[in-house]
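User: I am new to this structure and would like to understand how its descriptive terms are justified. Could you take me through them with care?

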Number of protein chains: 2
Amino acid sequence: MSRNILVIGAGKSTAHLLDYFFDKSEEEQLYITIADLNPDNLPEHIRNHKNCNPVKLDITDVNARNICIEKADIVVSMLPARMHLIVAQDCLTFNKNLITASYVSNDLLKLDEEVKKKGLVFMNEIGLDPGIDHMSAMEVIDRIRAKGGKILLFESFTGGLVAPENDNNLWNYKFTWNPRNVVLAGQGGAAKFIQEGTYKYIPYHKLFRRTEFLDIAGYGKFEGYANRDSLKYREAYGLTNALTLYRGTMRRVGFSKAWNMFVQLGMTDDSYQIENTNGMSYREFVNLFLPYSPTDSVELKLRHYLKIDQDDIMWEKLEELDLFSPSKKITIENATPAQCLQTILENSWTLGSNEKDMIVMYHKFGYELNGVKKQIDANMVVLGENKSHTAMSKTVGLPVAIATLQILNKKITKPGVQIPITKEVYEPILNELKKYDIIFNEFEVPYLGYNPDSVAS
Amino acid sequence: MSRNILVIGAGKSTAHLLDYFFDKSEEEQLYITIADLNPDNLPEHIRNHKNCNPVKLDITDVNARNICIEKADIVVSMLPARMHLIVAQDCLTFNKNLITASYVSNDLLKLDEEVKKKGLVFMNEIGLDPGIDHMSAMEVIDRIRAKGGKILLFESFTGGLVAPENDNNLWNYKFTWNPRNVVLAGQGGAAKFIQEGTYKYIPYHKLFRRTEFLDIAGYGKFEGYANRDSLKYREAYGLTNALTLYRGTMRRVGFSKAWNMFVQLGMTDDSYQIENTNGMSYREFVNLFLPYSPTDSVELKLRHYLKIDQDDIMWEKLEELDLFSPSKKITIENATPAQCLQTILENSWTLGSNEKDMIVMYHKFGYELNGVKKQIDANMVVLGENKSHTAMSKTVGLPVAIATLQILNKKITKPGVQIPITKEVYEPILNELKKYDIIFNEFEVPYLGYNPDSVAS
């Protein structure tokens with residue numbers, strides 16, 4: 001008798017997720033109900049698959065939602081994060097296991113006790129970041145610990161970038177995911193991390209000037225800037241005694257220094273609306289942030305304000321975006337600076353329909369074993385295949401799909417609202433991911449060699 | 001028969017206010033009830049004055065408050081701004097006129113219709129800034145308009161500083177008012193103003209690098225940085241067609257550039273708490289905001305991070321604060337960066353008990369009259385007399401006191417929730433202020449000469 005998997009929401013990142021289910025549907029006797037506002041948008045090979053049941057569902061329609069969930073054997077929510085809670089509450093009501101790729105919200109966490117009482121598995125943060133980062137990091141950390149090692153340092157970076165073959169602008173960047181998140185990245189408070197036992201804080205306006213470099217063999221140099229809260233998983237990973245904890249975002253070298261120009265100008269601000277932005281030229285937009293002058297050009301004012309030398313390639317990065325164009329116009333009304341900047345960037349940075357994306361992840365594990373300080377670096381590169389089968393869709397969707405089957409097949413059984421950090425969870429999933437070329441390469445490298453006894457600590 | 005003035009709240013800025021009332025109490029037949037949480041803190045000559053009635057009042061005690069207000073002929077609220085509303089509601093209930101030096105809140109504005117219906121005067125923003133700035137600006141603007149002139153430009157700056165005779169540190173600054181407001185100044189959004197008809201926006205992290213200089217004869221050079229919203233009184237002043245509107249804060253030259261070091265480091269951030277600040281040395285606090293290094297000193301890291309040259313006086317400004325001291329400690333727990341910085345600054349910038357403060361205000365009025373562009377600059381300097389009779393207390397308290405008497409004597413009668421921008425209000429008050437040496441000096445100067453037709457507008 002076939003098992004009914006309910007997938008709610010069939011957006012961008014579900015191509016690989018659905019393929020995985022349907023590829024396994026005969027062997028595993030799966031019947032997949034895809035509930036979406038617009039099920040007609042599903043690709044034909046999915047919609048017409050004999051094991052597929054596309055359903056039109058408005059998630060706010062309580063009755064329809066309840067019927068879907070009651071009939072399911074397991075529920076996968078690929079909805080926007082804020083919508084998971086109502087699905088989770090129904091899963092509790094009807095005793096269904098739940099899988100999401102999103103961060104565990106405080107409201108969801110409040111259900112933990114009840115979820116445990118009912119013996120249900122609510123697995124979250126099992127996409128890319130969060131997801132693969134948790135699993136790949138804990139695999140190495142547990143291995144080091146099993147040998148008797150003590151973790152001193154953990155750094156972890158993830159980036160969604162353009163594949164090398166389509167990496168053809170001066171920023172080495174195109175939007176491969178939500179552009180708004182890219183424009184607002186790093187806002188909302190100072191970045192916080194620990195280095196050699198000392199807390200460090202970076203205000204937003206300095207964030208993109210405090211990067212570190214990372215090399216990936218065959219792919220060259222990258223850079224990382226700090227995420228807001230590097231201490232988020234300190235307890236979950238068992239790293240309360242680690243001296244250095246740092247989580248960051250990866251970009252190609254030079255991106256952050258150039259992006260900092262927008263930050264300095266105030267163009268990434270999303271807290272106020274500008275009047276009359278509809279029809280405003282890119283040039284007029286730039287001039288909003290520069291001092292008035294009756295004689296100097298916008299170009300010279302910007303160069304002077306940001307101290308950009310005549311021969312600095314940063315300048316060409318701005319020109320490549322047509323930032324000084326008097327004829328290119330913003331076409332949204334009463335927009336915030338960040339919204340205006342986003343439309344300007346989308347004009348240049350949109351991934352073409354034949355272009356491919358790339359996901360990179362980089363971990364550093366510093367540890368002490370038998371009195372010797374060592375370090376393991378591990379990194380992963382995943383390339384997109386085409387417009388629908390992106391690297392992002394693969395790295396988000398496959399772990400979700402694999403976990404769903406593991407839970408359905410009772411290979412993962414520990415109840416509760418959880419994230420994938422136990423061996424029972426990450427081991428089978430990482431092994432299955434390898435079959436799909438989602439693989440980490442590990443290197444022993446010299447320990448970074450911080451010296452905590454120094455005067456400058 | 002004597003009239004009963006109720007003054008609620010007898011804090012810092014009430015010395016001149018109370019003196020004014022008591023000096024006039026015989027001639028004007030005034031009986032002054034001073035309601036305060038700690039009336040015993042009142043100076044003896046006030047407390048024992050025969051026309052004084054000191055009352056202990058907890059403002060949250062509804063009954064006691066009602067009794068005080070019902071007995072009064074007019075009410076002056078010198079409470080913190082957030083507490084005015086309950087007083088205002090009682091004033092409505094008991095049909096009493098009300099005077100405050102604070103900004104009109106939206107909640108207070110909602111009472112306007114009812115206040116008008118009852119024929120009451122609720123006069124607000126009648127201290128220094130807001131207050132004297134409104135009155136002195138509108139006096140010149142109305143005069144220019146009466147001649148047929150058209151206002152093109154209005155800029156207005158105010159500063160609370162230390163008197164020249166006690167101006168003896170490298171920052172040319174000491175706290176003469178609420179230190180917290182100084183540390184947080186400019187935060188909460190981009191500064192917005194208009195220059196030659198073009199909107200301009202300055203993000204917080206650039207605010208202190210976009211100053212302009214101002215000269216006051218006999219007092220030397222000052223600088224001004226933009227307030228958050230320079231357009232606040234655009235409609236109230238009738239300046240919707242003015243091409244340039246700018247409101248700012250005055251400091252001595254060099255203050256802003258040096259203050260910007262704290263902004264760049266992230267030390268003025270009040271949005272998160274640092275763990276274990278109690279007992280943290282000033283040096284450790286600085287190091288929280290600097291990159292880790294096993295070998296370099298805090299000093300060198302800071303110089304390099306902020307690109308401070310060897311011979312830049314900014315460096316001495318930091319040293320003067322003992323910022324690199326390993327022995328001076330912060331003594332508050334789990335404080336925000338801004339709270340830590342405040343305690344460090346208070347250690348150096350506290351006005352001595354024999355030291356005097358100074359208030360400066362500077363207006364620029366650009367206008368066109370008979371086809372000719374002209375400009376009037378007007379400025380005011382007020383020096384403090386002693387620790388209680390500060391320039392701040394004088395410039396905040398006297399306009400409040402004078403307005404109170406004018407309203408009590410029915411010289412100001414227009415009902416409603418209002419600010420002092422009509423001739424009926426500002427003329428008698430400015431005239432009375434002159435008797436107390438609160439005087440504006442006016443100068444005709446060449447019009448600033450912006451050229452709006454320029455390519456760079």
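Analyst: Let us begin at the end of one helix in this predicted model: just after helix 4 of chain A, Asn95(A) takes a positive phi of about 60°. That residue belongs to the loop between helix 4 and strand 5 (97-100) of chain A, and its positive phi occurs in a residue other than glycine.

User: Is Asn95(A) buried, partly exposed or exposed, and what makes it so?

Analyst: The relative accessibility of Asn95(A) is 45%, and since buried means under 20% and exposed means over 50%, with partly exposed in between, Asn95(A) counts as partly exposed.

User: Which residues of helix 4 of chain A are buried?

Analyst: In helix 4, which spans residues 84-94 of chain A, the buried residues are His84(A), Val87(A), Ala88(A), Asp90(A), Cys91(A) and Leu92(A).

User: Why does Asp437(A) count as exposed?

Analyst: Asp437(A) has 55% relative accessibility, and because the class of exposed residues begins over 50%, Asp437(A) counts as exposed. Asp437(A) also has a positive phi, of about 65°, although it is not a glycine, and its place is the loop between helix 16 and strand 16 (441-445) of chain A.

User: Why is helix 15 of chain A called oblique to helix 16 of chain A?

Analyst: The axes of helix 15 (residues 391-408) and helix 16 (residues 423-434) of chain A come within 10 Å and cross at roughly 125°. Roughly perpendicular covers 65 to 115 degrees and roughly antiparallel needs over 145, so helix 15 of chain A is oblique to helix 16 of chain A. The crossing of these two helices of chain A is right-handed.

User: Which residues form the contact between helix 15 and helix 16 of chain A, and how do they divide by class?

Analyst: From helix 15 of chain A come Leu398(A), Pro399(A), Ile402(A), Ala403(A) and Gln406(A), and they meet Pro428(A), Ile429(A), Glu432(A) and Leu433(A) of helix 16 of chain A. By class, the residues of this contact divide into seven nonpolar, one polar and one charged.

User: How do helix 1 and helix 15 of chain B cross?

Analyst: The axes of helix 1 (residues 15-23) and helix 15 (residues 391-408) of chain B come within 7 Å and cross at roughly 35°, and the crossing is right-handed. Among the residues in contact are Leu17(B), Tyr20(B) and Phe21(B) from helix 1 of chain B, and Leu398(B), Ala401(B) and Leu405(B) from helix 15 of chain B. In full, the contact has nine nonpolar, four polar and one charged residues.

User: How do you know that Cys68(B) is in no disulfide?

Analyst: A disulfide is a pair of cysteine sulfur atoms within 2.5 Å, and the count by this rule comes to zero disulfides over all chains. For Cys68(B), the nearest cysteine sulfur is that of Cys91(B), 11 Å away.

User: Are Cys68(B) and Cys340(B) buried or exposed, and why?

Analyst: Buried means under 20% relative accessible area; Cys68(B), at 11%, therefore counts as buried, and Cys340(B), at 0%, counts as buried as well.

User: Where is the cis peptide bond before Pro130(A), and what is its omega?

Analyst: The peptide bond from Asp129(A) to Pro130(A) is cis, with omega near 15°, and Pro130(A) is found in the loop between strand 6 (121-123) and helix 7 (132-146) of chain A. In chain B, the bond from Asp129(B) to Pro130(B) is cis, with omega near 15°.

Conventions:
Residues numbered from 1 in each chain as written. Chains lettered and ligands numbered in written order. Predicted model: local features only at pLDDT ≥ 70, side-chain atom pairs only at ≥ 80, totals over all residues. Heavy atoms only, no water. Axes fitted to C-alpha atoms, helices over the stretch in contact; angles between N-to-C directions. Helix = DSSP H or I, 4+ residues; strand = E, 2+ residues; numbered from the N terminus. Parallel < 35°, antiparallel > 145°, perpendicular 65-115°, else oblique. Left-handed = near helix turned anticlockwise from the far one by under 90°. Contact = heavy atoms within 4.5 Å. Nonpolar A, V, L, I, M, F, W, Y, C, P; charged D, E, K, R; others polar. Buried < 20%, exposed > 50% of the residue type's maximum accessible area, 1.4 Å probe, protein only.
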